[in-house]
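Trainee: I've got this one open in my viewer and would like a close look at a single part, the packing on the inside. Walk me through it, please, with the cut-offs as you go.

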Amino acid sequence: MEQRTNSERFIAAYNRLDKTIRDIYNFKPALTFSDVVRKSAEVNYVVKKYEDDLIDYGRLRNSIVHR
């Protein structure tokens with residue numbers, strides 16, 4: 001069995017998080033992840049609490065994907 005790299009595991013977790021938030025709040029696919037986080041933070045305490053970290057994760061995702 002082939003093991004996934006840390007970056008592959010991170011991207012998989014990021015994609016699940018992104019999809020879950022978009023599904024919960026019915027956000028359009030055209031919105032950036034940062035916009036999704038900011039809009040969700042207005043109505044969700046947990047997202048608000050981790051808003052800065054989540055936005056940083058979005059930047060990390062972009063760095064990994066667009067290396």
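Mentor: Charges before packing: the protein chain carries 13 positive and 10 negative side chains, and the centres of the two sets lie 2 Å apart. Here Lys and Arg count as positive and Asp and Glu as negative, with His and the chain ends not counted; each charge is placed at NZ of Lys, CZ of Arg, CG of Asp or CD of Glu. Bear in mind that this is a predicted model, where local features need pLDDT of at least 70, side-chain atom pairs count only at pLDDT 80 or more, and totals for chains, interfaces and linings use all residues. Residues are numbered from 1 along each chain as its sequence is written, and side-chain values use heavy atoms, leaving out hydrogens and water.

The chain has 4 helices and 0 strands (DSSP runs, numbered from the N terminus: H or I of at least four residues for helices, E of at least two for strands). Of its 67 residues, 27% are buried, meaning under 20% relative accessible area, while exposed means over 50% and partly exposed is in between (1.4 Å probe, protein chains only).

Now to the inside. The largest nonpolar core has 7 residues: Tyr14, Phe33, Val37, Ala41, Val47, Leu54 and Ile55. Such a core is a set of buried Ala, Val, Leu, Ile, Met, Phe, Trp, Tyr and Cys residues joined through side-chain atoms within 4.5 Å. Helices H2 (33–41) and H4 (51–65) each give two or more residues to this core, and H2 gives the most, with 3 residues. Leaving out residues up to four places away in sequence, core member Tyr14 touches Phe33, Tyr57, Gly58 and Arg61 (contact is heavy atoms within 4.5 Å).

Ser40 also sits in H2, and it counts as buried because its relative accessibility is 0%. A polar atom of the Ser40 side chain lies 2.7 Å from the backbone oxygen of Val36. Beyond its neighbours within four places in sequence, Ser40 is in contact with Ile21, Tyr25, Phe27 and Val47, and Val47 is one of the core residues.

For contrast, try Asn26, in the loop between H1 (6–25) and H2. Asn26 counts as exposed because its relative accessibility is 69%. Asn26 also has a positive phi of about 55 degrees, although it isn't a glycine.

How values were computed: A polar contact is a pair of N or O atoms within 3.5 Å; within protein, one must be able to donate a hydrogen and the other to accept it, and residues adjacent in sequence count only if both atoms are side-chain atoms.
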